[in-house]
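These are my notebook entries on a single protein chain. I looked up its overall build, its nonpolar core and one charged residue.

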Amino acid sequence: MTLKRITLQLARNPGITEGDARIGYFIVAPLTGDGHLDVDTWREHKKECRVTRFHPDPDEHATGLLTHRGNQWKFHYDDEDEGDDEAGYRLGDHVFKEGEYITVASHGETPLTYRITDISDV
């Protein structure tokens, strides 16, 4: 099993006409052969499945865990002041490959769309 490092960068969104490559996430997670999140392998490697939010504003940086409850994947941050978990919209249904788009709801705000710009072995 190889964990993957998945890079998401902010795509075009309402009010963000060009997107912003300085805003996004690094996700370390296992993927199946067809590019889906692998829940069985995740269960075996939970502590290694990390999420890092990056942003030009240092106050927006955060690190935490990729979590799975029921049929939902979420980003759970280590710091209590980070607020509620961030939810990915139907992450379990997405095929993770470069060029695809993922939606994330950050801190209960309007969900934003991110583009997968890189997937590499950890």
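I counted two residues as in contact when they have heavy atoms within 4.5 Å. With that cut-off, I took the contacts between residues at least 6 apart in sequence and found that 46% of them join residues at least 24 apart. I note that the model is a predicted one.

Overall build. I read 1 helix and 8 strands in the protein chain, in the order β-β-α-β-β-β-β-β-β along the sequence. I compared the radius of gyration, 13 Å, with the value near 14 Å for a compact globule of 122 residues, and the two agree. The C-alpha atoms fill a box of roughly 40 × 35 × 25 Å along the principal axes. I found 36% of the 122 residues to be buried.

Nonpolar core. I then examined the largest nonpolar core, which has 25 residues; Leu-8, Tyr-25, Ile-27, Leu-37, Leu-66, Phe-75 and Phe-96 touch the most other members. At least two core residues come from each of β1, β2, β4, β5, β7 and β8, and β2 gives the largest share, with 5 residues. For Leu-8 I listed the contacts beyond four places in sequence, among them Tyr-25, Ile-27, Phe-54, Ile-102 and Ile-116.

Asp-38. I located Asp-38 in the loop between β2 and α1. Which side chain of opposite charge is nearest to Asp-38? I found Arg-43, 7.5 Å away; Asp-38 is buried yet has no salt bridge. The Asp-38 side chain does reach the backbone nitrogen of Asp-40, at 3.2 Å. Beyond four places in sequence, I recorded contacts of Asp-38 with Pro-30, Leu-31 and Thr-32.

Note on methods
Residues numbered from 1 in each chain as written. Predicted model: local features only at pLDDT ≥ 70, side-chain atom pairs only at ≥ 80, totals over all residues. Heavy atoms only, no water. Core = buried A, V, L, I, M, F, W, Y, C linked by side-chain atoms within 4.5 Å. Buried < 20%, exposed > 50% of the residue type's maximum accessible area, 1.4 Å probe, protein only. Helix = DSSP H or I, 4+ residues; strand = E, 2+ residues; numbered from the N terminus. Lys, Arg positive; Asp, Glu negative; His and termini not counted. Salt bridge = Lys/Arg side-chain N within 4 Å of Asp/Glu carboxyl O. Polar contact = N/O pair within 3.5 Å; in protein donor to acceptor, adjacent residues only side chain to side chain. Rg over C-alpha atoms; globule rule 2.2 N^0.38 Å.
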